[in-house]
Amino acid sequence: MAEKRLFNGFNTRAVQSGELRDPRFGNVTTPIFETSTFVFPNSEKDAYIDNTRNLPYIYTRWGNPTVQAFEEKYASLEKAEHALSFSSGMGAITSVILALAERGDKILSVSDLYGQTFYFLNKVLPEYGISVEYISTDRLNSGEFKPSDYDIIYLESITNPTLKVPDIKAVSERSTGKKIIVDATFASPYNQNPLDLGADVVIHSATKYISGHSDVVMGVFSTNDKSIFDKVVVRRKTFGSNPDPIQSYLALRGIKTLGLRMEKHNKNGMELAKYLRTEPRISHVYYPDTEIGKKVLRGFGGMISFELRPELDVHVFMRNLKIPMVAASLGGVESLITLPVETSHSSMTKEERERIGITDNLVRFSIGIEDHVDLIDDIKQALDKASES
């Protein structure tokens, strides 16, 4: 397979790194190895090696060439030594945390989290004797925590759905010796590499920007620490949360255009943020182009959240949009819109949601790669309909 660090440019690495090309076939793209098992022992002197074991492949739950090609391509973009993929983003999150946390450990987490992550931390981990405390992103950035009280610090590089930005670099500098895990799904490797900022582990829902076409459910993690990688390998193999080779092939294809797509997402996001901040029918706009965002992000992405004024019916607004579809995911080429209270954060109580700023009128908009003028015109006409109702 192509060397992870062979190329400098992001788009060159996105296209060339990790590809499994065999000159005996002359194949341009990596094949789909849709096989459950491999000949083993494999005595061929040039046998391809499963990098989770440093031995020839034996079984797809342990490792697969198509899956590994995707992992190596992703690792090259994350600038990481090791990467592993999973059957979902939550598969990555749960496997990583259960690999690193032990009974009696204490985790500090940002409070404004993806709803399913919050459920896992708040409801599941206590059953394993692992406690979790929460801190707002603002308090975290102000240094209002004592690192010595915790074993692991869990962050979202851009929080979901209020789009606050933790200062990963400052947190890591204050928390020497503590494991720092960052879910960087909203940023993507194009806009941020948390390992360069001091994080120990990076997680993505590859379902989102990395795959980019709303046709894949996958997760991925990366690290520069071989001991962490080995622990997570054991959890994936044991939990059975490995991705299917076909899903990996689709993710491998999607990630090749990540840089091109993110340029458009970044541009569209800025244009919509400018418009929404001048729109009198919008009471609040969340977009990560803050001072800290400018410090730790290279671009601000295609996620924006905004609140309609209380007198407007948010459901009328959403029903009248022509371009974005009402759907719960994000990061695809097509625009999607959703109400967090009904989707990503529906498992939280109303009090828990309001504590982190998620109101009933808060809309989360995943901006696609359509032309921003059309998206703005669409929002205007839907607001007009909501104003008339």
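A polar contact is a pair of N or O atoms within 3.5 Å, where, within protein, one atom must be able to donate a hydrogen and the other to accept it. In this predicted model, such a contact, 2.9 Å long, joins the side chains of Asn-64 and Thr-60. This pair makes a convenient way in, and the description below starts from Asn-64 before turning to the whole chain and then to three further sites.

Asn-64 sits in the loop that runs between strand E2 (55–56) and helix H2 (65–78). Its relative accessible area is 1%, below the 20% limit, and therefore Asn-64 is classed as buried. Besides the contact with Thr-60, a polar atom of the Asn-64 side chain lies 2.9 Å from the backbone nitrogen of Thr-66. Thus the side chain of Asn-64 has a side-chain partner in Thr-60 and a backbone partner in Thr-66. With residues up to four places away in sequence set aside, Asn-64 touches Phe-33, Thr-35, Phe-38, Tyr-57 and Pro-245.

The last of these neighbours leads on to helix H9. Pro-245 is one of the buried residues of H9 (residues 245–255), along with Ser-248, Leu-250, Ala-251, Leu-252, Gly-254 and Ile-255. These buried residues pack against helix H1 (10–16), H2 and helix H10 (258–276). At the start of H9, a side-chain oxygen of Asp-244 comes to within 2.7 Å of the backbone nitrogen of Ile-246.

It helps to set these details against the overall fold. The protein contains 14 helices and 14 strands. A compact globule of 389 residues would have a radius of gyration near 21 Å, and the protein agrees with this because its own value is 21 Å. Taken along the principal axes, the C-alpha atoms fill a box of roughly 75 × 50 × 35 Å. Buried residues account for 57% of the 389 residues. Of the contacts with a separation of 6 or more, 72% are between residues 24 or more positions apart.

The surface and the charges can be summarised briefly. The accessible surface amounts to about 16000 Å², and carbon and sulfur atoms contribute 51% of that area. There are 46 positive and 51 negative side chains, with the centres of the two sets 3 Å apart.

Strand E11 (residues 303–308) offers another interior site, as Ile-304 is located there. The relative accessible area of Ile-304 is 0%, under the 20% cut-off, so this residue counts as buried. Beyond its neighbours within four places in sequence, Ile-304 is in contact with a long list of residues, including Leu-163, Gly-269, Leu-272, Ala-273, Leu-276, Val-285 and Tyr-287. Ile-367 is also among the contacts of Ile-304; the two residues are 63 apart along the chain, yet their C-alpha atoms are separated by 7.5 Å.

His-315 gives a contrasting case. This residue belongs to helix H12 (residues 314–319) and has a relative accessibility of 37%, between the limits of 20% and 50%, so His-315 is partly exposed. Leaving aside neighbours within four places in sequence, His-315 is in contact with Leu-339 and Glu-342. With Glu-342 there is also a polar contact of 2.8 Å, formed between the two side chains. Thr-349, 34 residues from His-315 in sequence, lies 21 Å away in space, C-alpha to C-alpha.

Terms used: Residues numbered from 1 in each chain as written. Predicted model: local features only at pLDDT ≥ 70, side-chain atom pairs only at ≥ 80, totals over all residues. Heavy atoms only, no water. Helix = DSSP H or I, 4+ residues; strand = E, 2+ residues; numbered from the N terminus. Buried < 20%, exposed > 50% of the residue type's maximum accessible area, 1.4 Å probe, protein only. Contact = heavy atoms within 4.5 Å. Rg over C-alpha atoms; globule rule 2.2 N^0.38 Å. Areas by Shrake-Rupley, 256 points an atom, 1.4 Å probe, with all protein chains shown as cover. Lys, Arg positive; Asp, Glu negative; His and termini not counted. Charge placed at Lys NZ, Arg CZ, Asp CG, Glu CD.
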